[in-house]
Amino acid sequence: MTEGNKVGIATFVMRSKQYLIALRAGNEVLVLQTLHWTDEIRDPGQELPELPSSRAGRGKQLDMALQLVDALSSDWEPSRYHDTYQEKVRELVEAKAEARRSHRTRQRRRRPT
């Protein structure tokens, strides 16, 4: 793929949802990148009748925006990001399992001997 300067386009299913993907060669690895389906792509000219002019964001505004970006920039730390959805699902499953255990315990105590 690298030598031929080619990218593979395919579909990929993850968590019961189908995605359109581009598969390309990276530095000694394959890179999978999700793409948008045709119906998800809109023409900006139709959505925004008046597009900003090329002069927008020049001078002081641009300088201030660049300073803000620089001030808020930091090194990439992947460990700072985690899947909160997965954590919440795990908590719900554990809570449900605990509720079942306590329900079974109460049922055992109520049984006539």
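Here is an informal back-and-forth about the strands, helices, charges and surface of this predicted model.

User: What should I know about numbering, confidence cut-offs and atoms before I start?
Analyst: Residues are numbered from 1 along each chain as its sequence is written, and side-chain values use heavy atoms, with hydrogens and water left out. Since the model is predicted, local features need pLDDT of at least 70 and side-chain atom pairs count only at pLDDT 80 or more, while totals for chains, interfaces and linings use all residues.

User: How many bridges join β1 to β2?
Analyst: Helices (H or I, at least four residues) and strands (E, at least two) are DSSP runs, numbered from the N terminus. Two strands pair if DSSP finds at least two bridges between them. Strand β1 covers residues 8-14 and strand β2 residues 17-25, they run antiparallel, and the bridge count is seven.

User: Which residue in β2 is the bridge partner of V13?
Analyst: A neighbouring pair in the same listing is M14, which stands opposite K17 in β2. For V13, the bridge partner in β2 is Q18.

User: What phi does R15 take in the hairpin of β1 and β2?
Analyst: That hairpin has two residues between the strands. S16 is found in the loop there, and S16 has a positive phi of about 65 degrees although it is not a glycine. R15 also has a positive phi, near 55 degrees.

User: Is S16 buried or exposed?
Analyst: Buried means under 20% relative accessible area, exposed over 50%, and partly exposed in between (1.4 Å probe, protein chains only). S16 has 77% relative accessibility, so S16 counts as exposed.

User: Which residue in the turn between β2 and β3 has a positive phi?
Analyst: β2 pairs with strand β3 (residues 30-35) in the antiparallel sense over six bridges, and L20 stands opposite L35 in β3. The hairpin leaves four residues between the two strands, and the one with a positive phi of about 65 degrees is E28.

User: Where does N5 lie, and what is its relative accessible area?
Analyst: N5 lies in the segment before β1. Its phi is near 55 degrees, a positive value in a residue other than glycine. N5 is exposed, with a relative accessible area of 71%.

User: How many salt bridges does a search of the whole structure find?
Analyst: A salt bridge here is a side-chain nitrogen of Lys or Arg within 4 Å of a carboxyl oxygen of Asp or Glu. One of them joins the side chains of R42 and E47 at 3.7 Å, N to O. R42 counts as exposed at 59% relative accessibility, and E47 as partly exposed at 43%. The search of the whole structure gives a total of two.

User: Which residue forms a salt bridge with E98?
Analyst: The partner lies with E98 in helix α3, three residues apart, about one turn of the helix. E98 is partly exposed at 43%. The closest N and O atoms are 3.0 Å apart, and the partner is R101.

User: Which residues form the negative surface patch?
Analyst: Patches are made of residues with over 30% relative accessible area and no salt bridge, where like charges are joined within 9 Å and nonpolar side chains (Val, Leu, Ile, Met, Phe, Trp, Tyr) within 5 Å. Lys and Arg count as positive and Asp and Glu as negative, with His and the chain ends not counted, and the place of a charge is NZ of Lys, CZ of Arg, CG of Asp or CD of Glu. E94, in helix α3 (residues 84-110), is partly exposed at 49%. The negative patch is formed by D83, E87, E91 and E94.

User: Which residues gather in the patch of positive charge?
Analyst: One of them, R108, is found in helix α3. R108 is exposed, with a relative accessible area of 55%. The residues of the positive patch are K96, R100, R104 and R108.

User: What accessible area do V7, I9 and L35 have together?
Analyst: Accessible areas come from the Shrake-Rupley method with a 1.4 Å probe, and for residues only the protein chains shown count as cover. I9 sits in strand β1 and counts as exposed at 56%. The three residues form a nonpolar surface patch with a combined area of about 260 Å².

User: How far apart in space are P78 and T105?
Analyst: P78 lies in the loop between α2 (60-72) and α3, and at 48% relative accessibility P78 counts as partly exposed. P78 and T105 are 27 residues apart in sequence, and their C-alpha to C-alpha separation is 43 Å.
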